[in-house]
Amino acid sequence: MSVQERQQVNRWGPPTGWSGQRSAARAPGPVQPATVAAAKGAFSWDLPVGLGWLAAGIAALGVESLGITADPRHSTTLLLGALALLFGLWVFYCDGGARITAVGVYNFSFALFVGFAALYTEIKAGAGASQVPILQALSLCYFLHVSTWLLFWSRIRRRPESEPVRADPELSRWALRWGLTLLVLGVVLTLVFPSRYHHLLIDSTGFVGVVLLGLGLLPGRRRRRRLIYGLVPMAGFALYYAYLFNDFGRIVLGSLGFALAVILANRGRGRRHVKLWLVAVAAPTVFLLGQIRAATGADERDADGLGSVVTPFRDFTRLLDLDAMGALARAWGETFWAAAVTLVPRAVWPGKPDGLGAALVPILSPEMVGTGHTHAALSPGEWLINFGLVGLLLMVPVTGLALRWIDRAVDRVASRPVTTPRQLLAYTAGILVVVGMVDLMWVGTSTYVSRTGCRLLVLLVLVVLVAWWHRPPAGLPGGHTGAPLMSELRR
């Protein structure tokens, strides 16, 4: 046995042949704890590429000052919107290699809620139309976002992708059983307690159930019937759509699709085509869901059904306009405090502060106060309402460092074999944290904490149940500690 093989056995145990005949032909290489980064002294393209994106944005702004088109402001907005869309999708595709990361999902959301929203708004309004000017908001979002990537995300040190995320077949079946249980529970609770807006915990139960069903996609030894394992999460997604989706949770539906894509992308090396498929189906899916929403006629102001995608950017421009006039009161961190305590039931704390969505209603739609209506104004909008333009500058290091830390933590989990239920649930928690970045970009920390936090609470209950179910018999000394072994799951 070579030195590398001994290191592999000491770290992970002997190879299990989870890849079937392919493993027999080529033994898996050693998984090194070192992270992937450019060699010391090696040339990195990160700085010139980042400066290139900044230069492209400056060149787009130059169109307005040069006046080389009939409507320079309209042309500049279209060019900068296209750059924001392309930059977000480019980072999503490149970051993390084949894996879908928190930085990638956040940038995909930036492309959708900033780049696409600006383009759609400007094209729909037409050249010379009288509207709230969006160029200032678009410029701030673009240059701050590119700077965040250049300073904090361009050289994140990642672990190698030599090994896929794998699970024992028995462990995958265990996840399927619990996933089906949670999904059915969510559907039953929805039918028992029907309402226009389902309780968030009920939605979260079904959400986590579908994600656990998706974990059946993970490869393992002697894994066959791939088609069946693929159809199971698809059926779960359809069940969630039929019973838990109520035409008002399209962002949640997108996050669930992202979760299944994360699992599929993490199955093995060289599967970056999963990202390409996501980019390809994004626009048709957005318009399809928009048509479904428009067909319900629930909101006459949202005739095209794309309000939840494009309105947050418009509301951010309105906040900037109010701030320029000195009419935007500062929250001084109150919305962040509201996010920190958002999981505390209002029945326990009646005076609990409102999250950002509710706090924006008196500012943007005072006639809607008391109706339960909420607004979304992007993550930059939260920093603006709390600390003004200085808050937008603070957003760069805080968001940059936070997402970099999340990606490193999730990367450590995804780089290890999944052999116990506790490891499987830890991997699931990482997926939930990553896909929640859609909510973070969309409306800020309160919605992110409420939705992702409720999903993690469901997962925590499952962890407690696993620990209780597989606890050692009372009075027996020497019982092993930690997560239950696969032999115990077969009992």
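**Exercise 1. The nonpolar core**

Task: In this predicted model, how many residues make up the largest nonpolar core, and which have the most contacts inside it?

Solution. Start with the count: the largest nonpolar core holds 115 residues. Next, pick out the hubs. Ile100, Phe113, Tyr142, Leu215, Phe258, Phe313 and Met437 have the most contacts inside this core. Then ask which helix gives the most to it: that's α5 (residues 102–125), with 13 residues. As background, nonpolar side chains in soluble globular proteins tend to be buried together.

Now zoom in on one hub, Phe313. Skipping residues up to four places away in sequence, Phe313 touches Phe113, Val114, Ala117, Ala118, Ile134, Ala137, Leu138, Cys141 and Leu378.

**Exercise 2. The whole chain**

Task: How many helices and strands does the protein have, and what share of its residues counts as buried?

Solution. Secondary structure comes out at 20 helices and zero strands. For burial, 51% of the 491 residues make the cut. One more number helps with the fold: take contacts between residues at least 6 apart in sequence, and 76% of them join residues at least 24 apart.

**Exercise 3. α8 against α10**

Task: Work out how helix α8 and helix α10 are oriented, and which residues meet.

Solution. Two packed helices are described by the angle between their axes and the distance between the axes, so grab those values. The axes of α8 (residues 200–214) and α10 (residues 250–265) come within 9 Å and cross at roughly 20°. An angle under 35 degrees counts as roughly parallel, so α8 is roughly parallel to α10. The handedness of this crossing is right-handed.

Now the residues. From α8 come Phe207, Val210, Val211 and Gly214, while α10 brings Val252, Ser255, Leu256, Ala259, Leu260 and Ile263. Sorted by class, that's eight nonpolar, two polar and no charged residues.

**Exercise 4. α10 against α17**

Task: Do the same for α10 and α17: what angle do they make, and which residues are in the contact?

Solution. The axes of α10 and α17 (residues 421–435) come within 9 Å, crossing at roughly 135°. That angle makes α10 oblique to α17. The crossing is right-handed.

On the α10 side you'll find Ser255, Phe258, Ala259, Val262 and Ile263, and they meet Tyr427, Ile431 and Val435 of α17. The class tally here is seven nonpolar, one polar and no charged. Check Ser255 and look back: this α10 residue is in the contact with α17 and also in the contact with α8. Phe258 ties back to Exercise 1, where it was listed among the residues with the most core contacts.

**Exercise 5. Three residues, buried or partly exposed?**

Task: Classify Thr77, Arg451 and Trp178 as buried or partly exposed, then list what they touch.

Solution. Use the cut-off: buried means under 20% relative accessible area. Leave out neighbours within four places in sequence when listing contacts.

- Thr77 sits in helix α4 (residues 72–94). Its relative accessibility is 2%, so Thr77 is buried. Thr77 contacts Glu122, Ile134, Leu135 and Leu138.
- Arg451 belongs to helix α19 (residues 445–469). With 14% relative accessibility, Arg451 counts as buried too. Around Arg451 are Leu200, Ser204, Ile251, Val252, Asp439 and Trp442.
- Trp178 is in helix α7 (residues 169–192). At 25%, Trp178 is partly exposed. Trp178 touches Leu212, Leu462 and Leu465. From Trp178 to Leu213 is 35 residues in sequence, but 8.1 Å in space, C-alpha to C-alpha.

Methods. Residues are numbered from 1 along each chain as its sequence is written. This is a predicted model: local features need pLDDT of at least 70, side-chain atom pairs count only at pLDDT 80 or more; totals for chains, interfaces and linings use all residues. Side-chain values use heavy atoms; hydrogens and water are left out. Axes are lines fitted to C-alpha atoms, for helices over the stretch in contact, and angles run from 0 to 180 degrees between N-to-C directions. Helices (H or I, at least four residues) and strands (E, at least two) are DSSP runs, numbered from the N terminus. Angles under 35 degrees count as roughly parallel, over 145 as roughly antiparallel, 65 to 115 as roughly perpendicular and the rest as oblique. A crossing is left-handed if the near helix is turned anticlockwise from the far one by less than a right angle, and right-handed if clockwise. Contact means heavy atoms within 4.5 Å. Ala, Val, Leu, Ile, Met, Phe, Trp, Tyr, Cys and Pro count as nonpolar, Asp, Glu, Lys and Arg as charged, and the others, Gly among them, as polar. A nonpolar core is a set of buried Ala, Val, Leu, Ile, Met, Phe, Trp, Tyr and Cys residues joined through side-chain atoms within 4.5 Å. Buried means under 20% relative accessible area, exposed over 50%, partly exposed in between (1.4 Å probe, protein chains only).
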